[in-house]
Amino acid sequence: METGKRTLILDLHRIGALKFGEFKLKSGATSPFYIDLRSIISYPEIIKNIVELLKDAVKDMQFDILTGIPYTALPLAAQVSVELDTPLVYQRKEVKAYGTGKLIEGHFKEGQTCLIIDDLITTGESKFEAAEGMEQAGLKVKDFVCLIDRSYNGERILATKGYKLSSIITVEDMIEVLGAENKLDAALAQKVREFIGQPVEKPLLNFEQRLEATKAPMTRNLMEAILRKKSNLVLSLDVEDTKTFFEILEATGPEIFMVKTHVDILKDYNGSFVPRLRALAEKHDFIIFEDRKFADIGSTVRKQFKSGVYKIADWADYVTVHMIAGEAILDGLFGDLEAPRSGFLLARMSAKGNLISETYTRQVLEVGKRRKECVSGYIGHGANVDDIKRFRNKIPQDQLLLMPGVNLDTKGDGLGQQYLTVENAIEGGADAIIVGRGVIASDNPGAEAKRYREAAWNAFQKMNK
Ligand code: S5P
């Protein structure tokens, strides 16, 4: 190992930026080591060494400008910028509510490539948000350089979006150097190795174990229906007349565990619709889910849910909800109901160019985790299996991921819809797939639903062995 790296490890240990022992993490778990590099700015000698190491790490990379993720990495990036004569920009932690409202400070041109420097990588999640801010400003991001890699599989995680991670020191390097200097005993070193050898997020448990661990009755209800019906197919029945609606539903009912409606699409909706729907739901044992995508203030959505022509709260057990108006929408919808109802939050969308960001997704999940009593899960999508897995990892195991934008035969619809295959959706961790035109546009929806159901159920069983 280079002298610079060795010196850095010893220095970090000396100033207490690197500690070994027992430390309680935010997640509640205990870690045998602790890294906090915020204090390094008070040690110019250490900074000088880090800057040399960073310069060396980036020497073969292509970039026009660079940045450091605030706060810790920003002063490091500023030094590297001066030494390499390469412009620096940085991203504000919060966009100013007044003034220019700019997210990125500094001057740059659209299309330039920006190198991102950070002090630490643990899960990689914050890196996606940093890259997204740069990309939204028109910059390209290819490379990340991190001082310390303490991740389980950070390199692979970043690669899901095509980013390359280079790091200067790893936890193994720290063990080697500190062990040789008698600053870390073998037993503790072993604990550290075991700790970083474990994924941060627990792998998805078997579906039945997850059901056992699920408390919310409305979520349990869905999980039980999936197992009872041996189907994780949700039919999206977006047709315009009730005759076609009920013909397709009669034919596909045995294959699905839930039907998803857009009741406002129907031209001839009348008072007989709900009783007929309920009767079929009973006959074929499926659940009713109205994809209303509520998005307004609490008081308005309450009326939209309970009143109007459709009185959705009377007959739909589940509905979809956008979180753009904030958490109070959940109180508006579910706070004052006679029958138990629950929501699915739109955490990611399948439509090309949709405006949902990494940050928005994270915030939706944060609300959903707090409100399990009325949030059974999320609607989500992804670019590929790894991307969906990364997303699924952030969803609690006692909530569900439903995935629309699934089709066995086409990749898109010419109107922005982007399709995944059934296998990719389920392998990524979707608990159920939502299929519309794949089934309903066929001449034989019953047979087509069977084909989707079997593909999804086979993939689901493979995942839950
Ligand atoms: O991101 C989304 C969220 C939803 S709920 N993308 C979607 O396509 N949907 C819904 O899923 C959409 O409103 C439609 O009802 C269904 C997909 O239909 P398909 O015909 O493209 O399978």
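Me: What makes the contact between the side chains of E129 and R362 a salt bridge?

Reply: This is a predicted model, so the answer rests on predicted coordinates. The N to O distance between the side chains is 2.5 Å. The cut-off is 4 Å, for a nitrogen of Lys or Arg and a carboxyl oxygen of Asp or Glu. The E129 and R362 pair therefore qualifies. The structure holds 41 salt bridges.

Me: Which parts does the E129 and R362 pair tie together?

Reply: E129 belongs to helix α4 (residues 125-136), and R362 to helix α15 (residues 358-370). The two parts are 233 residues apart in sequence, so the pair is a tie between distant stretches of the chain.

Me: Why is α4 called oblique to α15?

Reply: Their axes cross at roughly 135 degrees and come within 8 Å. Over 145 degrees would count as roughly antiparallel, and 65 to 115 as roughly perpendicular. The crossing of α4 and α15 fits neither range, which makes the pair oblique.

Me: What makes up the contact of α4 with α15, by class?

Reply: From α4 come E125, F128, E129 and E132; from α15 come E358, T359 and R362. One of these residues is nonpolar, one is polar and five are charged. Asp, Glu, Lys and Arg count as charged, so the glutamates and R362 fall in that class.

Me: Which helix pair involving α10 is roughly parallel?

Reply: The pair is α10 and helix α11 (residues 273-284). They pack at an angle of about 5 degrees, with axes 11 Å apart. Angles under 35 degrees count as roughly parallel, so the label holds. T242, F245, F246, L249 and E250 of α10 touch F273, R276, L277, L280, K283 and H284 of α11. That contact has six nonpolar, two polar and three charged residues.

Me: What makes α10 and α19 oblique?

Reply: Helix α10 (residues 242-252) and helix α19 (residues 445-463) have axes that cross at roughly 50 degrees and come within 8 Å. Under 35 degrees would be roughly parallel, and 65 to 115 roughly perpendicular. The value for α10 and α19 fits neither, so oblique is the label. The crossing is right-handed.

Me: How do the residues of the contact of α10 with α19 divide, and what are they?

Reply: I248, A251 and T252 of α10 meet P445, G446 and A449 of α19. Four are nonpolar, two polar and none charged. Gly counts as polar, so G446 goes with T252.

Me: Why do β15 and β16 count as paired?

Reply: At least two bridges are needed. Strand β15 (residues 400-403) and strand β16 (residues 432-435) are joined by two, so they meet the condition. The strands run parallel. M403 has I433 in β16 as its bridge partner. Both strands belong to a closed barrel of eight, ordered β9-β10-β11-β12-β13-β14-β15-β16, with parallel pairing. The twist averages 30 degrees from one strand to the next.

Me: What makes β3 and β8 the edges of their sheet?

Reply: Each has a single partner strand, so one side of each lacks a neighbour in the sheet. The open sheet has four strands in the order β3-β6-β7-β8, paired in parallel. Neighbouring strands are turned by 20 degrees against each other on average, direction ignored. Within it, strand β6 (residues 113-121) and strand β7 (residues 140-149) share seven bridges. I116 stands opposite F144 in β7.

Me: Which strands does helix α3 lie across?

Reply: Helix α3 (residues 73-84) lies across β3, β6 and β7, at about 155 degrees to β3. Angles over 145 count as roughly antiparallel, so α3 is roughly antiparallel to β3. Helix α4 also lies across β3, β6 and β7, at about 160 degrees to β6. By that cut-off, α4 is therefore roughly antiparallel to β6.

Me: What joins P70 and Y71?

Reply: A cis peptide bond, with omega of about 0 degrees. Y71 sits in the loop between β3 and α3.

Technical notes
Residues numbered from 1 in each chain as written. Predicted model: local features only at pLDDT ≥ 70, side-chain atom pairs only at ≥ 80, totals over all residues. Heavy atoms only, no water. Axes fitted to C-alpha atoms, helices over the stretch in contact; angles between N-to-C directions. Left-handed = near helix turned anticlockwise from the far one by under 90°. Contact = heavy atoms within 4.5 Å.
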